[in-house]
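I opened this notebook to keep track of what I looked up, strand by strand and ring by ring. The entries follow the order in which I checked things.

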Amino acid sequence: MQRIGSRVGMRLVHMTHTEHRGSATYHYYRIQTAWVDRPPEGVRTGSLRCATCGDMVGFRLHSRARARARQRLWLAAVLISASSLAALIVLTARIISDGGTGTQTLVPTALSVLALLVSVVVLPGVDGVTSARPRNSGPHAFTPLKPRVAWSKPPAADWPVRAEIVFSDTEPGPGPLAP
């Protein structure tokens, strides 16, 4: 899980190009990090200028409390789906030991596995920074900082540039709490 602090490193990823070599596909990225203070409460919206193409990319920055609440929500989803999967496995084993086929628990078990996989994939990336337009942001995406990767591969560090950040609101507002 990401550590949620009063400052966040917004990591903007710009996919430059894709290469196909045989059956493998390689994606190439330029990455820049902009450090910014979280709002004391609520959500702030703004834009960060991409150092690669010059486009302004919109983002939502959640306060520390909201980011932690989102993280706890996804952690709860992991725990609930894991416990329901365990209960369904035990139930299926009892049904089979009683002479049944256990097919009636197939769909709930599959849904529980799917929920567990989705929540385990999403949980590590919850850092309180989201794209303002997640579907139409072109080659851009905001990804969380990965300190372990940075420590293991220092030459692959983020591209050092001066970040241009423009907030669209003057003061942070309460905003909606979305998962």
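Entry 1, a bridge partner. I looked up Met15 and found that its bridge partner in strand 2 is Tyr29. The model I am reading is predicted. I then checked the strands as a whole: strand 1 covers residues 7-21 and is joined to strand 2 by 14 bridges, with the two running antiparallel.

Entry 2, the sheet. I asked which order the strands of the open sheet take. The sheet has three strands in the order 2-1-6, and the pairing is antiparallel. I noted strand 2 (24-37) and strand 6 (140-143) as the edge strands, since each pairs on one side only. On average, neighbouring strands of this sheet are turned by 30° against each other, with direction ignored. As a reminder to myself, strands of a sheet pair through backbone hydrogen bonds, either parallel or antiparallel.

Entry 3, strands 3 to 5. I found seven bridges between strand 3 (residues 43-49) and strand 4 (residues 56-62), which run antiparallel. Thr45 has Arg60 of strand 4 as its bridge partner. The hairpin of these two strands has six residues between them, and there Gly54 takes a positive phi near 90°. Strand 4 is also joined to strand 5 (residues 129-131), by three bridges, and this pair runs antiparallel too. Here I found Leu61 opposite Val129 of strand 5.

Entry 4, aromatic rings. How many aromatic pairs does the structure hold? I count two. In one of them, Phe59 and Phe142 meet edge-to-face, at 6.0 Å centre to centre and with 70° between the planes. This pair links distant parts of the chain, as Phe59 is in strand 4 and Phe142 in strand 6, 83 residues apart. Both Phe59 and Phe142 are buried.

Entry 5, the other partner of Phe59. Why is the pair of Phe59 and Phe167 edge-to-face? The ring centres are 5.9 Å apart and the planes stand at 80°, so the pair falls over the 60 degrees that edge-to-face requires. Phe167 lies in strand 7 (residues 165-167) and Phe59 in strand 4, so the pair ties together parts 108 residues apart in sequence. Phe59 counts as buried because its relative accessibility is 0%, whereas Phe167, at 25%, counts as partly exposed. I logged Phe59, Phe142 and Phe167 as one aromatic cluster.

Entry 6, arginines over rings. I found Arg44 over the face of Phe167, at 3.9 Å from the ring centre. Arg21 lies over the face of Tyr26, at 4.8 Å from the ring centre.

Terms used:
Residues are numbered from 1 along each chain as its sequence is written. This is a predicted model: local features need pLDDT of at least 70, side-chain atom pairs count only at pLDDT 80 or more; totals for chains, interfaces and linings use all residues. Side-chain values use heavy atoms; hydrogens and water are left out. Two strands pair if DSSP finds at least two bridges between them. Helices (H or I, at least four residues) and strands (E, at least two) are DSSP runs, numbered from the N terminus. Axes are lines fitted to C-alpha atoms, for helices over the stretch in contact, and angles run from 0 to 180 degrees between N-to-C directions. Rings of Phe, Tyr and Trp (its six-membered ring) pair if their centres lie within 6.5 Å; planes under 30 degrees apart count as stacked, over 60 as edge-to-face and the rest as tilted. Buried means under 20% relative accessible area, exposed over 50%, partly exposed in between (1.4 Å probe, protein chains only). A charge sits over a ring if NZ of Lys or CZ of Arg is within 6 Å of the ring centre and within 35 degrees of the ring normal.
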